[in-house]
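User: I would like to go through this model step by step. Please keep the answers short.

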Amino acid sequence: MPMKNLIFRFLLFCCCFCIPSVFAEDATPADQKTVFLIPVRQAIFHPQLYLLRRGVEKAVEADADAIILLMDTPGGSVKIMQEMVNPIIDVGIPTYTLVESEAISAGAIIAMATDQIYMTPRSTIGDAMPVIMGQGGYEELGEAEREKIESYMDAIARSIAQAKGRNETLIRAMVRRSVEFKLEDGTVISPEGNILTLTNQEAELLLPDGTRLLSEGTVADLEEMLEILGLENAELIELIPSMADDLALLITKLAPI
């Protein structure tokens, strides 16, 4: 059989037997709130983008009361990160991030595009300085190349800070070593020459104006977070990667080979 026909039949099989992304649920009472849970637990590449887009679309269709990103990621593609920010930053539904372990690099920027961030004990967020990966690891960049990449990431970070009312200097300190971040009382959180990464305790620091530095607080788990938000009795609909998502992730991993 020609190779072209084999590929066509394989793709047709995948399309026909993909597992639905959301578990089927019984009809929800009219007065019960609905929360969509979208996992971001892999490196940031196309599979996570597709899952997030689908989750946001379904949440909008269902007129959901909240969207929560369940985040544990080391980062990933800057381009994919920007495409993941776009669907959630102006969705019109309250959005939250629960940092389960780490929200690093692209993950930190995506988290800051949601309305509120909560973190679990010993979790971290930050270190969004862009890097280039080569076959042997990180590639050394020339001064002009680094400035071009960092300037682009800096602009994305600033635009998110402006849209969400976040501290621009704090976000920029996660992107550029040259940016120092200190509190109004002069306390230096991240000196010039360092990239800012915050622990859960540092991120929830209470500022003189009554606001928090970055996160709304530390919670033991999703259940405690839902209680704080008044959503403890909400119907939870968690997006599940489909067979197509798993196939996309496999292709992403095999692409360099």
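The questions below move from the whole chain to single residues.

User: How many helices and strands are there in the protein chain?
Analyst: This is a predicted model. Its protein chain has 257 residues. The secondary structure count is nine helices and twelve strands.

User: What percentage of the residues in the protein chain is buried?
Analyst: Buried means under 20% relative accessible area. Over the 257 residues of the protein chain, the buried share is 40%.

User: What share of the area that the protein chain exposes do carbon and sulfur atoms supply?
Analyst: The protein chain exposes about 14,000 Å². Of this area, carbon and sulfur atoms supply 53%.

User: What distance does helix 2 reach from its first C-alpha to its last?
Analyst: Helix 2 covers residues 46-61, 16 residues in total. At 1.5 Å a residue, 22 Å is expected. The model comes close to that, at 23 Å.

User: Which residue just after helix 2 takes a positive phi?
Analyst: Helix 2 itself has buried residues, including Leu52, Val56 and Ala59. Just after the helix, a phi of about 55 degrees appears. The residue is aspartate 63.

User: Is alanine 64 buried or exposed, and which residue of helix 2 does it contact?
Analyst: Alanine 64 sits in the loop between helix 2 and strand 2 (66-73). Its relative accessible area is 7%, under the 20% cut-off, so alanine 64 is buried. Beyond four places in sequence, its contacts are Thr34, Phe36, Ile93 and Ala59. Of these, the buried helix 2 residue is Ala59.

User: What separates the C-alpha atoms of alanine 64 and phenylalanine 36?
Analyst: Phenylalanine 36 is among the contacts of alanine 64. The two residues are 28 apart along the chain. Their C-alpha atoms are separated by 7.1 Å.

User: Which residue offers the backbone oxygen that the side chain of threonine 120 reaches?
Analyst: Threonine 120 lies in the loop between strand 4 (116-119) and strand 5 (124-126). Its relative accessible area is 9%, so threonine 120 is buried. Its side chain reaches a backbone oxygen at 2.8 Å. That oxygen belongs to glutamate 100.

User: Where does valine 219 lie, and what is its relative accessibility?
Analyst: Valine 219 lies in the loop between strand 11 (217-218) and helix 8 (222-229). Its contacts include Thr120 and Leu98, and threonine 120 also touches Leu98. Valine 219 counts as buried because its relative accessibility is 1%.

Note on methods
Residues are numbered from 1 along each chain as its sequence is written. This is a predicted model: local features need pLDDT of at least 70, side-chain atom pairs count only at pLDDT 80 or more; totals for chains, interfaces and linings use all residues. Side-chain values use heavy atoms; hydrogens and water are left out. Helices (H or I, at least four residues) and strands (E, at least two) are DSSP runs, numbered from the N terminus. Buried means under 20% relative accessible area, exposed over 50%, partly exposed in between (1.4 Å probe, protein chains only). A polar contact is a pair of N or O atoms within 3.5 Å; within protein, one must be able to donate a hydrogen and the other to accept it, and residues adjacent in sequence count only if both atoms are side-chain atoms. Contact means heavy atoms within 4.5 Å. The expected span of a helix is 1.5 Å times one less than its number of residues. Accessible areas come from the Shrake-Rupley method with a 1.4 Å probe; for residues, only the protein chains shown count as cover.
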